[in-house]
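Subject: Structure handover and notes

Dear colleague,

Please find the structure below, together with the sequence. My notes on what was found in it follow directly after.

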Amino acid sequence: MSISEFERMKPTQTYYIINQTIAKYETLLEKYNHNGQTLLMEDADAANATNARLLQSVLMDLKTIQSTFLTGN
C-alpha cells in the first residue's frame, strides 16, 4: 500500500473519536488538578483519588492508542 493510498483510506472518523475521547478525559481530570498537581484533601477524598488515578490511566491508554494509530501500526 502506498502512502497516498493510505492517506486516501485513512479512518478519519476513528481518529476524530480518539481525539474527542482524549479531550473528554482531560476535561474530567481537570476537576482533580490545579497547576499540574492533583488536588486531594483528606481520607474522605479516597474515592476522588481513585477516580483521578483511573482517569489518568485511561488518558495514558488513549494517548498510546492515538500514537499507535498515527504510526499506522
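Before turning to the helices, it helps to fix one term: the expected span of a helix is taken as 1.5 Å times one less than its number of residues. Please also keep in mind throughout that this is a predicted model.

With that term in hand, helix 2, which has 19 residues, reaches 27 Å from its first C-alpha to its last, and this is close to the 27 Å expected at 1.5 Å a residue. The buried residues in helix 2 are I18, I22, Y25 and L29, and, seen down the helix axis, these buried residues fall within an arc of 70 degrees, so they line one face of helix 2. The face turned away from that buried side carries the exposed residues T12, Q13, Y16, I17, T27 and E30.

Helix 3, covering residues 46–71, can be treated in the same manner: its 26 residues should span 38 Å at 1.5 Å a residue, and its end C-alpha atoms are 38 Å apart, which agrees. The buried residues of helix 3 are A49, A52, L55, L59, L62, Q66 and F69. Just after helix 3 comes G72, which takes a positive phi of about 85 degrees.

As for the chain as a whole, there are 3 helices and 2 strands, and read along the sequence they follow the pattern α-α-β-β-α. Of the 73 residues, 18% count as buried, while the chain exposes about 5800 Å², of which carbon and sulfur atoms supply 55%. Among the contacts in the chain with a separation of 6 or more, 68% are accounted for by residues 24 or more positions apart.

Several of the individual findings concern residues of helix 2 and helix 3, and I take the aromatic rings at the outset. A search of the whole structure finds 1 aromatic pair. That pair is formed by Y15 and F69, and it is stacked, with 5.8 Å from centre to centre and 15 degrees between the planes. Since Y15 lies in helix 2 (residues 12–30) and F69 in helix 3, the pair ties together parts that are 54 residues apart in sequence. Are the two partners buried or exposed? Y15 is partly exposed, with a relative accessible area of 30%, whereas F69, at 19% relative accessibility, counts as buried, the cut-off for that class being under 20%.

T14, which is also found in helix 2, counts as partly exposed at 38% relative accessibility. The C-alpha atoms of T14 and F69 are separated by 9.2 Å, although the two residues are 55 residues apart along the chain.

Q66, in helix 3, is a polar residue worth inspecting in your viewer. With a relative accessible area of 18%, Q66 is buried, and its side chain makes a polar contact of 2.5 Å with the side chain of N19. Leaving aside neighbours within four places in sequence, Q66 is in contact with Y15, I18, N19 and I22; of these, I18 and I22 belong to the buried residues of helix 2.

Which residues does L59 touch, not counting those up to four places away in sequence? L59, which is found in helix 3 and is buried with a relative accessible area of 8%, touches I22, Y25, E26 and L29. The C-alpha atoms of L59 and Y25, which are 34 residues apart along the chain, are separated by 6.1 Å. I22, Y25 and L29 are also listed among the buried residues of helix 2.

Lastly, there is a residue outside the helices to look at: Y32 has its place in the loop between helix 2 and strand 1 (33–34). At 7% relative accessibility, Y32 counts as buried. Y32 and L55 are 23 residues apart in sequence and 9.7 Å apart in space, C-alpha to C-alpha, and L55 is itself one of the buried residues of helix 3.

With kind regards

Note on methods. Residues are numbered from 1 along each chain as its sequence is written. This is a predicted model: local features need pLDDT of at least 70, side-chain atom pairs count only at pLDDT 80 or more; totals for chains, interfaces and linings use all residues. Side-chain values use heavy atoms; hydrogens and water are left out. Helices (H or I, at least four residues) and strands (E, at least two) are DSSP runs, numbered from the N terminus. Buried means under 20% relative accessible area, exposed over 50%, partly exposed in between (1.4 Å probe, protein chains only). Rings of Phe, Tyr and Trp (its six-membered ring) pair if their centres lie within 6.5 Å; planes under 30 degrees apart count as stacked, over 60 as edge-to-face and the rest as tilted. Contact means heavy atoms within 4.5 Å. Accessible areas come from the Shrake-Rupley method with a 1.4 Å probe; for residues, only the protein chains shown count as cover. The arc is that of the directions from the helix axis to the C-beta atoms. A polar contact is a pair of N or O atoms within 3.5 Å; within protein, one must be able to donate a hydrogen and the other to accept it, and residues adjacent in sequence count only if both atoms are side-chain atoms.
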